[in-house]
Amino acid sequence: MPVLTTIECPVCWGGVNVSADVMLSELLDCGDCGAELEVTALSPALQLAEAPMSAEDWGE
Ligand SMILES: [Zn+2]
């Protein structure tokens with residue numbers, strides 16, 4: 001069975017479940033805030049960063 005690890009969401013600091021065989025650059029959704037997250041590092045520690053919403057700039 002898949003082993004899950006929990007990583008802090010960089011947006012809301014909630015827990016995001018990540019499977020043990022996650023791949024670099026894989027996109028995940030935070031179950032708490034709904035942010036799209038990208039795996040930016042696998043070692044030495046798994047890291048997530050908020051993925052860009054789209055190629056377009058929303059004029060922030
Ligand atoms: Zn979140």
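Which residues make up the largest nonpolar core of the chain? In this predicted model, the set has five residues, namely C9, V16, C30, L37 and L48. The legends below treat the chain as a whole and then selected sites.

**Figure 1. Overview of the predicted chain, with five strands and zero helices.** Along the sequence the elements follow the pattern β-β-β-β-β. Of the 60 residues, 8% count as buried. Among contacts with a separation of 6 or more, 20% join residues that are 24 or more positions apart.

**Figure 2. Close-up of the largest nonpolar core, centred on V16.** The five members are C9, V16, C30, L37 and L48. Beyond its neighbours within four places in sequence, V16 is in contact with C9, C30, L37 and L48. The remaining contacts of V16 in this category are T6, I7, L28 and G31.

**Figure 3. Surroundings of C9, a residue in the loop between β1 (4-8) and β2 (15-19).** C9 counts as buried because 21 C-beta neighbours lie inside 10 Å, where the cut-off for burial is 20 or more. When residues up to four places away in sequence are not counted, C9 touches G14, V16, C30, D32, C33, A35, L37 and L48. The C-alpha atoms of C9 and A49 are 8.0 Å apart in space, although the two residues are 40 apart in sequence.

**Figure 4. Surroundings of S25, a residue in the loop between β2 and β3 (27-29).** S25 is exposed, because 10 other C-beta atoms lie within 10 Å and the cut-off for exposure is 12 or fewer. Leaving aside neighbours within four places in sequence, S25 is in contact with E38 and V39. Between S25 and L37, which are 12 residues apart along the chain, the C-alpha separation is 9.1 Å.

**Figure 5. The open sheet of three strands, in the order β3-β4-β5.** Pairing in this sheet is antiparallel. Strands β3 and β5 (47-50) stand at the edges with a single partner strand each, so one side of each is left without a neighbour in the sheet. On average, neighbouring strands of the sheet are turned by 45° against each other, direction ignored. In general, strands of a sheet pair through backbone hydrogen bonds.

**Figure 6. Detail of the pairing between β4 (residues 36-41) and β5.** The two strands pair in the antiparallel sense over four bridges. Within this view, L37 stands opposite E50 in β5. L37 is also one of the members of the largest nonpolar core, and both V16 and C9 are in contact with L37.

Notes: Residues numbered from 1 in each chain as written. Predicted model: local features only at pLDDT ≥ 70, side-chain atom pairs only at ≥ 80, totals over all residues. Contact = placed C-beta atoms within 7 Å. Core = buried A, V, L, I, M, F, W, Y, C linked by C-beta atoms within 7 Å. Pairing = 2+ DSSP bridges. Axes fitted to C-alpha atoms, helices over the stretch in contact; angles between N-to-C directions.
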